[in-house]
Amino acid sequence: MKPATEHGNVTTMKPAILVTGGAGYVGSHTVASLLERQDATDYDIVVVDNLSNAYRAEGRKKPECLRIIEEMTDKTIHFYEVDIRDATGLSRVFENHNIDCVIHFAALKAVGESVQKPLEYYQANITGTCTLFDVMRKYGVYKLVYSSSCTVYGEPEKLPLNESHPTGQGLTSPYGKSKYFCEEIMKDICRSDKKWMVISLRYFNPVGAHHSGRIGEDPSGIPNNLMPFIAQVAVGRLKELLVFGNDYPTADGTGVRDYIHVEDLAEGHVKAIKLFHQPGFSGFHAVNLGTGTGYSVLQMVKAFEVACGRQIPYKIVGRRDGDIAANYADVSLSHRLLGWRAIKTLEDMCADTWRWQSNNPDGFKCS
Ligand SMILES: NC(=O)c1ccc[n+]([C@@H]2O[C@H](COP(=O)([O-])OP(=O)(O)OC[C@H]3O[C@@H](n4cnc5c(N)ncnc54)[C@H](O)[C@@H]3O)[C@@H](O)[C@H]2O)c1
């Protein structure tokens with residue numbers, strides 16, 4: 001692992017928000033949301049990322065998405081190419097900045113790949129998270145927002161899914177288990193010391209892109225997720241969409257998911273860190289981030305066809321192992337606790353994805 005060197009401006013001791021995995025899809029949109037706020041100059045934004053799933057152009061110091069966000073916002077992002085398993089590298093970041101809280105995105109996230117490479121997933125997602133907690137404790141930083149997933153619920157017993165639904169049952173992939181194990185570890189850490197404040201945000205299905213069309217999801221290889229798959233078919237990078245199963249007990253037989261615009265999701269993180277300043281707030285809190293509405297694969301295809309003005313050829317194939325028929329969130333806790341709700345529509349999700357994909361058919365490599 002490489003030593004921590006900063007690629008930003010002169011280090012200051014202003015309070016800072018550390019964003020691990022901030023060069024990735026959800027992380028970069030959250031960095032953009034944090035910097036687009038009026039009070040953005042009150043704190044520094046520090047990103048740690050090992051660039052395992054983010055693109056940096058030859059000869060540049062910062063990954064492309066962060067360079068673009070700096071250009072859009074006219075603000076500086078302090079960037080460190082550091083792996084979260086590297087305690088020395090992380091410590092240097094804590095030495096260089098007055099870290100107030102951490103938003104922890106860094107993880108490996110491909111469900112299928114995790115079945116082939118469980119050790120890599122557990123090392124990155126669990127060892128990495130434990131190392132981060134250890135370094136935070138060493139520097140007296142006790143506030144963390146965690147990227148969890150609705151995957152932790154496994155097969156839903158009843159819909160909509162609320163936060164008291166059992167977790168950890170019937171999880172099939174090491175990826176899903178890593179999210180569940182991390183939540184359990186965080187609960188234990190919070191029980192051990194009342195100083196800890198952890199908000200675990202259980203995302204449903206993040207889609208869409210920044211409304212500017214300048215940053216978005218840039219998966220390598222054939223996308224695992226529906227929306228980037230559809231978008232790459234629409235732009236001609238892939239021939240046809242594969243629809244995994246049309247015999248589920250849903251209205252049109254295809255899987256139903258709760259898709260949430262990544263800018264709404266990002267705003268959920270901005271709201272979550274405000275809770276840290278609420279008197280008496282402490283301990284572990286899991287909160288769903290979704291819209292509360294489910295759409296089927298074929299509904300998504302139709303909505304995307306309207307946004308891009310093209311037909312999306314698709315082929316029905318067999319179900320994928322581990323896929324469930326339907327899930328969507330009970331979002332009442334996010335309203336109550338965070339004062340947050342998703343405001344972007346399905347049309348926004350499709351239009352923004354299309355703007356990003358059509359402006360950047362090869363992702364960040366074209367920007
Ligand atoms: N996108 C989704 O569908 C989704 C759904 C639920 C939860 N999540 C969770 O949200 C988080 C962010 O997801 P994303 O879609 O933005 O993924 P992403 O792959 O785009 O972003 C993750 C970032 O973390 C970095 N990274 C990975 N391992 C690292 C390590 N060991 N040290 C430092 N950096 C590392 C990658 O380079 C990447 O930039 C992840 O924890 C993921 O599990 C994502």
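How far is an oxygen atom of the ligand from an N or O atom in the side chain of K179? In this predicted model, the separation comes to 2.8 Å. Two other side chains make contacts of this kind. For Y175, an N or O atom of the side chain sits 2.6 Å from a ligand oxygen, and for K109 the corresponding value is 2.8 Å. Taken by itself the ligand would expose 830 Å², and the protein buries 96% of that area. As for secondary structure, the elements giving two or more residues to the shell around the ligand are α1 (25–36), β6 (143–149) and α6 (174–192). Of these, β6 makes the largest contribution, with three residues.

The shell as a whole counts 27 residues, and the closest of them are V26, D49, N53, K109 and Y175. K109 and Y175 thus turn up again here, having already appeared through their side-chain contacts with ligand oxygens. Sorted by chemical character, the shell splits into 13 nonpolar residues, nine polar ones and five charged ones.

Turning to the annotated part of the chain, an unreviewed UniProt entry carries the annotation "domain: NAD-dependent epimerase/dehydratase" for residues 17–275. In the model, that span is 39% helix and 18% strand, and the C-alpha atoms at its two ends lie 14 Å apart. Helix α8 covers residues 262–275 and holds H269. The H269 side chain reaches back to the backbone oxygen of L265, at 2.8 Å. H269 is also buried, its relative accessible area being 0%.

Helix α9 (residues 297–308) is where A303 is found. With a relative accessible area of 17%, A303 counts as buried, because the cut-off for that label is under 20%. A303 and L346 are 43 residues apart along the chain, yet their C-alpha atoms are separated by 7.4 Å.

What about the cysteines? The disulfide count comes to zero. Take C130: the closest cysteine sulfur to its own belongs to C182 and is 6.6 Å away, so the pair is too far apart for a bond. C130 is partly exposed, at 35% relative accessibility. C65, on the other hand, is buried, with a relative accessible area of 3%.

A few spots in the backbone deserve a look as well. Most residues other than glycine have a negative phi, and most peptide bonds are trans. Against that background, the peptide bond from L159 to P160 is cis, with omega near -5°. P160 belongs to the loop between β6 and α6, and β6 and α6 are both among the elements that give two or more residues to the ligand shell.

Positive phi values also occur in residues that are not glycine. L51 has a phi near 60° and is placed in the loop between β3 (44–49) and α2 (64–73). D74 likewise has a positive phi, of about 60°, and is found in the loop between α2 and β4 (78–81). Where do the two fall on the scale from buried to exposed? L51 counts as buried, at 15% relative accessibility, whereas D74 is exposed, with a relative accessible area of 71%.

Key:
Residues are numbered from 1 along each chain as its sequence is written. This is a predicted model: local features need pLDDT of at least 70, side-chain atom pairs count only at pLDDT 80 or more; totals for chains, interfaces and linings use all residues. Side-chain values use heavy atoms; hydrogens and water are left out. A residue is near a molecule or strand if one of its heavy atoms lies within 4 Å of it. A polar contact is a pair of N or O atoms within 3.5 Å; within protein, one must be able to donate a hydrogen and the other to accept it, and residues adjacent in sequence count only if both atoms are side-chain atoms. Accessible areas come from the Shrake-Rupley method with a 1.4 Å probe; for residues, only the protein chains shown count as cover. Helices (H or I, at least four residues) and strands (E, at least two) are DSSP runs, numbered from the N terminus. Ala, Val, Leu, Ile, Met, Phe, Trp, Tyr, Cys and Pro count as nonpolar, Asp, Glu, Lys and Arg as charged, and the others, Gly among them, as polar. A disulfide is a pair of cysteine sulfur atoms within 2.5 Å. Buried means under 20% relative accessible area, exposed over 50%, partly exposed in between (1.4 Å probe, protein chains only). UniProt positions are given in the numbering used here, feature names are shortened, and annotations may be inferred rather than shown by experiment.
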